[in-house]
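Hello,

Here is the structure I promised to pass on to you. Please open it alongside this email, and then read on for what turned up in it.

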Amino acid sequence: MVPARDSEVFLSIYKSLMPDVSPSLSLHRVLTASLLHRIAAIHKRCFSLYSVSMKNVLRWVLITGASDGLGREIARVLGSKGWNLVLTARSREKLESLCRDLARDHGVEALPLVADLSREGAAEQLYHDCRGLWDRQGGAVTVSFLVNNAGSGLFGEGVELGSRAFPMLRLNIIAPTSLCALFGRDMKDRREGWILNIGSLTANQPTPFFASYGASKSYIRNYSLALRQELAPFGVKVSCAQPGFIRTNFDENSGVKSERYRRFSHKNGMPAHRVAKIAVRAALSGRGLVNIGIANTFTAWFSKLLPLGLLSAILARAVFALTGRETARQKLGEDKPLIKD
Ligand SMILES: NC(=O)c1ccc[n+]([C@@H]2O[C@H](COP(=O)([O-])OP(=O)(O)OC[C@H]3O[C@@H](n4cnc5c(N)ncnc54)[C@H](OP(=O)(O)O)[C@@H]3O)[C@@H](O)[C@H]2O)c1
């Protein structure tokens with residue numbers, strides 16, 4: 001649909017361009033107006049990306065989980081676009097080496113900050129440390145773009161994992177929530193900013209054997225989209241990217257032992273650099289929920305068509321098949337259906 005105000009503008013342009021065409025050709029007019037509207041929308045998007053890339057010379061981005069995997073690639077993409085970077089994770093050496101590489105390759109400033117975001121109060125400490133940083137000219141570092149990427153999974157049966165899931169939940173939920181609040185408030189005051197939260201395709205349905213991880217990503221999706229509405233009037237753009245499998249060490253770090261599962265995830269995974277490029281571009285152009293890649297977009301769309309109970313039962317079967325686990329039915333020697341809605 002063409003919004004009322006825009007369509008009026010476009011119709012007046014149309015009239016001035018084609019004064020001799022009879023007003024009775026209304027279908028023709030509407031089609032032309034909507035075509036002009038599409039062209040204007042594409043132009044606006046390109047212009048907003050251009051103006052972000054032109055103005056970012058002195059801009060700073062904070063990326064969590066930047067020592068490896070997707071976070072490292074996001075750092076490379078933004079470094080190549082001229083953003084100055086504050087990179088954080090637990091591995092000091094990896095961060096320092098990446099900062100050196102980015103400064104050398106792109107002439108940007110890159111500063112490492114070590115933090116374990118699964119610890120209580122770590123996000124607040126990170127915010128405090130970040131405010132204490134100075135750039136080369138002696139000015140205070142002001143974060144205009146926050147990328148909440150750090151996250152980990154925890155593979156296994158929910159009841160067996162028990163409280164072992166708590167540090168992961170602090171990393172995947174509490175830390176990004178705190179960082180969004182702290183940096184988001186500053187952005188709101190400045191009437192400008194971008195927040196990119198890395199979610200996952202698993203947010204769209206219950207995910208057996210990644211139960212608390214999947215649920216943490218559902219939280220991130222809904223939180224991001226709600227925050228987006230709250231901050232939009234203040235010029236702050238909040239996005240949530242939902243990748244599917246990515247070729248990183250995520251499975252190993254999440255305790256997936258099955259070689260078959262890892263091979264499957266690697267084979268179907270996207271390269272981290274490609275995911276990073278798509279996510280950054282979408283965030284800077286102000287998109288809300290971003291599925292990464294055609295196959296993942298189709299999966300996200302398809303998963304909306306099925307009842308959640310059925311979807312989670314299918315996923316449980318798939319994990320059993322991939323990991324070679326005994327099903328609960330086999331364990332119990334019963335012949336009842338394994339999972340009911
Ligand atoms: N890989 C996938 O298939 C996939 C799919 C969908 C969504 N995602 C999401 O994408 C994001 C990045 O995942 P990835 O695949 O790049 O995983 P990864 O290769 O395991 O990298 C995780 C990053 O987070 C950091 N990190 C882990 N625990 C941390 C902690 N306690 N405190 C601070 N930093 C910590 C790690 O650095 P240190 O070890 O140095 O701390 C590393 O830089 C995550 O949010 C994940 O949920 C991944």
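Below are some notes on confidence, on the ligand surroundings and on how several helices pack.

First, a word on how far to trust it. This is a predicted model. The chain averages a pLDDT of 87, and 78% of the residues score at least 70. One stretch to keep in mind is residues 329–341, where the pLDDT is below 50. Beyond near neighbours in sequence, that stretch has 11 contacts in the model.

Now to the ligand. The shell around the ligand holds 30 residues, and those that come nearest are Gly-65, Gly-69, Arg-90, Gly-151 and Phe-250. By class, the shell divides into 12 nonpolar, 14 polar and 4 charged residues. Which helices each supply at least two residues of this shell? They are helix H3 (69–80) and helix H9 (250–253). The largest share comes from H3, with 3 residues.

H3 is also worth following away from the ligand, to helix H4 (residues 92–106). The axes of H3 and H4 come within 10 Å and cross at roughly 25°. Angles under 35 degrees count as roughly parallel, and H3 and H4 are therefore roughly parallel to each other. Their crossing is right-handed. On the H3 side, Arg-72, Ala-75, Gly-79 and Ser-80 take part, and they meet Leu-98, Leu-102 and His-106 in H4. This contact is made of 3 nonpolar, 3 polar and 1 charged residues.

The next pair to look at is helix H7 (residues 165–190) with helix H8 (residues 211–231). Their axes come within 10 Å and cross at roughly 10°, which makes H7 roughly parallel to H8. H7 brings ten-odd positions you can click through, including Ala-165, Met-168, Leu-169, Ile-173, Cys-180 and Lys-188. In H8, the residues they meet include Ser-212, Tyr-213, Tyr-219, Ile-220, Tyr-223 and Leu-231. By class, the contact of H7 with H8 has 12 nonpolar, 5 polar and 1 charged residues.

H7 has another partner, helix H5 (residues 122–131). Here the axes come within 8 Å and cross at roughly 35°, and the crossing is right-handed. Which residues of H5 meet H7? They are Ala-122, Ala-123, Glu-124 and Tyr-127, and across from them in H7 sit Ala-175, Ser-178, Leu-179, Leu-182 and Phe-183. The contact of H5 with H7 divides into 7 nonpolar, 1 polar and 1 charged residues.

If you have time for a single view, try H3, since H3 both supplies residues to the shell around the ligand and meets H4.

Best wishes

Technical notes: Residues numbered from 1 in each chain as written. Predicted model: local features only at pLDDT ≥ 70, side-chain atom pairs only at ≥ 80, totals over all residues. Near = placed C-beta within 6 Å. Helix = DSSP H or I, 4+ residues; strand = E, 2+ residues; numbered from the N terminus. Nonpolar A, V, L, I, M, F, W, Y, C, P; charged D, E, K, R; others polar. Axes fitted to C-alpha atoms, helices over the stretch in contact; angles between N-to-C directions. Parallel < 35°, antiparallel > 145°, perpendicular 65-115°, else oblique. Contact = placed C-beta atoms within 7 Å. Left-handed = near helix turned anticlockwise from the far one by under 90°. pLDDT = per-residue confidence, 0-100.
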